[in-house]
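Me: I have a model open and would like the labels on it justified one by one. Please set each value against its cut-off and then conclude.

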Amino acid sequence: MKELKDLCRENIWNLAPYSCARTEFAGRNARVFLDANENPYNDPYNRYPDPLQVELKKQISKIKGVSEEKIFLGNGSDEAIDLVYRVFCRPGKDNVVAIAPTYGMYEVCADINDVEYRSVLLDENYQISAEKLLAACDEQTKVIWICSPNNPTGNHINREAIVEVLQKFQGIVIIDEAYADFSSERTFRSVLDRFPNMIVLNTMSKAWGCAALRLGMAFASKEIVDIFNKVKYPYNINLLTQEHALEVMKNPLKVDEWVKNILQERSKVMAAFLDLPICEKVYPTDANFFLAKMTDANAIYNYLVMQGIIVRNRNKVQLCGNCLRITIGNKSENAELLGALRQY
């Protein structure tokens, strides 16, 4: 990869970060806090939260197998996605490359930050070659986005292709592993040290059942994490989120049980879809959802809405014509969905 200094926007590289009141005394025996203009009453919520989420990162490090200094925590993965643009991409000058179809926020954030977004279509098996991705790049390409397992297709992107991109691309490669907990494929965060130009995204929203917490994770080199930390807003993860995340992480075996149940239900629901006359194809998946090609996705979607059942209509998405994306619910929810479709 290029030198990190050359990949960063010059103003970001030279940025003097805001100095948080809570970082200046780190490591000292502080007892009386009269520095941050806080209200002295209503402890502990009167105090600003830890801006670097030290205790939470210690627990995440144990579970994810990544050292604390290589973990960035954001207000959902969307904060990390936005930071990639703010750190590496000059508005109106640089561009990024992404597979298509994929998670929509990559393009939304590109538009917000005035960065050209280049899509490279997957093939009929929802796969891509490194050559196609690299061919879409030029001297102004700073970032390549790869979601794996991909959303909305559900499948893993070929690992060999991803590795080739990591080895040949001179910029930053993002591997979004939001759904990796539902897959048996080896995660890219486990080989983080091999690729200094890689950022791996993960989240508490999916397998951990904590979408309401809005806690996203980015795993990267210490150098990249340090830059993210100086650009992010000072207190981006509130105390309630930090406390509840720590509580949830005390019982990872519970999460393993949830994932096992979801995978069992996924097999049953996908098999049931194949028996529906209105379903033409069910695509392979490595996530907690699957894509199904229907006879008339719009009509079936509207019918389900009338029944109070909400799925995701992907009919207008590239390569997903007449497709519905089905998230796996609990047994009762799945049974209600299938019952409604059998009555269609």
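Reply: Start with a pair of charged side chains: D226 and K222 meet in a salt bridge, with N and O 2.7 Å apart. Keep in mind that the model is predicted.

Me: What makes the contact of D226 and K222 a salt bridge?

Reply: The cut-off is a Lys or Arg side-chain nitrogen within 4 Å of an Asp or Glu carboxyl oxygen. The N to O value for D226 and K222 is 2.7 Å, so the pair satisfies the rule. Both residues lie in helix α8 (residues 222–231), four residues apart, about one turn of the helix.

Me: Why is D226 called partly exposed?

Reply: Partly exposed covers what lies between buried, under 20% relative accessible area, and exposed, over 50%. D226 has 35%, and is therefore partly exposed. K222, at 33%, is partly exposed as well. Elsewhere, salt bridges with shared partners join R90, D94 and K142 into one network.

Me: What makes E55 and K58 a salt bridge, and how are they placed in helix α3?

Reply: Their side chains meet at 3.3 Å, N to O, and the limit is 4 Å, so the label holds. E55 and K58 are three residues apart in helix α3 (residues 54–64), which means about one helical turn separates them. E55 is partly exposed at 49%, and K58 is partly exposed at 34%.

Me: For R47 and E38, which is buried and which is partly exposed?

Reply: E38 has a relative accessible area of 15%; buried means under 20%, so E38 is buried. R47 has 24% and is partly exposed. The closest N and O atoms of their salt bridge are 2.7 Å apart. By this rule the count comes to 14 salt bridges.

Me: How do you know that β9 and β11 pair?

Reply: Pairing takes at least two bridges. Strand β9 (residues 289–294) and β11 are joined by five, and run antiparallel, so they pair. One of the bridge partners in β11 is C323, opposite K293. Strand β10 (residues 312–313) is joined to β11 by two bridges, also antiparallel, which meets the requirement of at least two. R312 has R325 in β11 as its bridge partner.

Me: Why is K206 called partly exposed, and what does UniProt place there?

Reply: K206 has a relative accessible area of 31%, between 20% and 50%, and is therefore partly exposed. An unreviewed UniProt entry places the feature "modified residue: N6-(pyridoxal phosphate)lysine" at K206. K206 is found in the loop between β6 (198–203) and β7 (215–219).

Technical notes:
Residues are numbered from 1 along each chain as its sequence is written. This is a predicted model: local features need pLDDT of at least 70, side-chain atom pairs count only at pLDDT 80 or more; totals for chains, interfaces and linings use all residues. Side-chain values use heavy atoms; hydrogens and water are left out. UniProt positions are given in the numbering used here, feature names are shortened, and annotations may be inferred rather than shown by experiment. Buried means under 20% relative accessible area, exposed over 50%, partly exposed in between (1.4 Å probe, protein chains only).
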